[in-house]
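Q: I would like a close look at one part of this model, its enclosed empty space. Please keep the answer connected.

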Amino acid sequence: MTFLKEIECFLTVARTLNFTQASEELFMSQPTVSRHIKHLEEYLNLKLFYRNKNMVCLTPSGIIMLQTFTEILGFIQDQKKIAEKMAFEEQGIIKIGFLTQANVVNFFSELFCTFQQLYPNIELNYTFTSYNELERKLKNKELDLVFTPDFTTFESNDIIFEKFCQTNAFLVYGVNHPLAKKENPSFLDFKNERFYTGFPKPITSKFWKTVFSFYKINVWKTECTNSFDAGLFKVFMGEGVTILDPVTVHLDENSYKTIPIPNEVSTVYICVGWLKNNYNTSLPLLLNMLTNPSYRTTL
């Protein structure tokens, strides 16, 4: 604000060519106006005025800076009007990314409906895609924000991730699996099965290792599929199992069965991520809701 005040003093003196008159218009003392002009000249390393007892006039550098500062302040005022209009009308588009099988209806719809009621002129666009595509689209600014489990957050100093909600993972097997008819099967009944994942293997390895270690399983078989759909279909057919949480993937209860995993090793945080340098003016309104605990409790 001090710099803007110095510019205001300069423009007023440049217009009046009189320090006394300028100080009266600005409601400042003449020494204060002179001090602002001096600071501005020192900052620019330019002499802006020729002055003596009888005359004040702009230097050649002063004339150039008069034009420059006039344009700058005009631009600031124009942008201020746009910002005020946007704050009043709150229009825009926010592009949101989810993993292909995300359980959006049960875990996100209420919050998004609330947002749309508060900001009816902001459009929410939804994309459902693979993990790799979520990362690519976010980094290329094709998406404004994404939702993903905490153990799959992208490694980048340019992306901010915040915990959004907490859930728990469970073991998933299909109704066509040979053990589907067994009463109350345990996790250990599936220790020799192939475990499918729709995430890149290094992403899930740490989380799964924690789970397997809890059950004292030292050797296990995993396979990465090119999508959650492919892995889930293999699980449905009884060719293996997987470990998932109810937010990342929506399961058909008629096609799959689950076995709970103890909370101490199954806790999963769903995180919301966005680029630091995303300047979509509508995005802060949604982020304010997503990072506000009072809204998270509605999930």
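Which residues line the second largest cavity?

A: This is a predicted model. The lining of the second largest cavity consists of Phe 98, Leu 99, Ala 102, Phe 108, Phe 147, Thr 148, Pro 149, Val 247, Thr 248 and Ile 270. Two elements give two or more residues each to this lining: strand E3 (92-99) and strand E5 (145-149). Strand E5 gives the most, with three residues. By class, eight lining residues are nonpolar and two are polar. No charged residue takes part. The volume of this second largest cavity is about 60 Å³.

Now the wider setting. Three cavities of 30 Å³ or more occur in the structure. The largest has a volume of about 90 Å³. Its lining has 17 residues. Closest to its centre are Phe 151, Phe 199, Trp 208, Ile 243 and Leu 244. Three elements each supply at least two residues of the lining of the largest cavity. They are strand E8 (194-197), helix H8 (201-214) and strand E10 (241-244). By class, the lining of the largest cavity has 11 nonpolar, five polar and one charged residue.

Set the two linings side by side. The largest cavity has one charged residue in its lining, whereas the second largest has no charged residues. For the largest cavity, helix H8 is among the elements that supply at least two residues. For the second largest, the elements that give two or more are strands E3 and E5.

Technical notes
Residues numbered from 1 in each chain as written. Predicted model: local features only at pLDDT ≥ 70, side-chain atom pairs only at ≥ 80, totals over all residues. Heavy atoms only, no water. 1 Å grid on protein atoms, 1.4 Å probe; cavity = no way out; pocket = protein on both sides within 12 Å on 5 of 7 lines; lining within 4 Å. Points joined across faces, edges and corners; volume = space filled by probe spheres on them. Helix = DSSP H or I, 4+ residues; strand = E, 2+ residues; numbered from the N terminus. Nonpolar A, V, L, I, M, F, W, Y, C, P; charged D, E, K, R; others polar.
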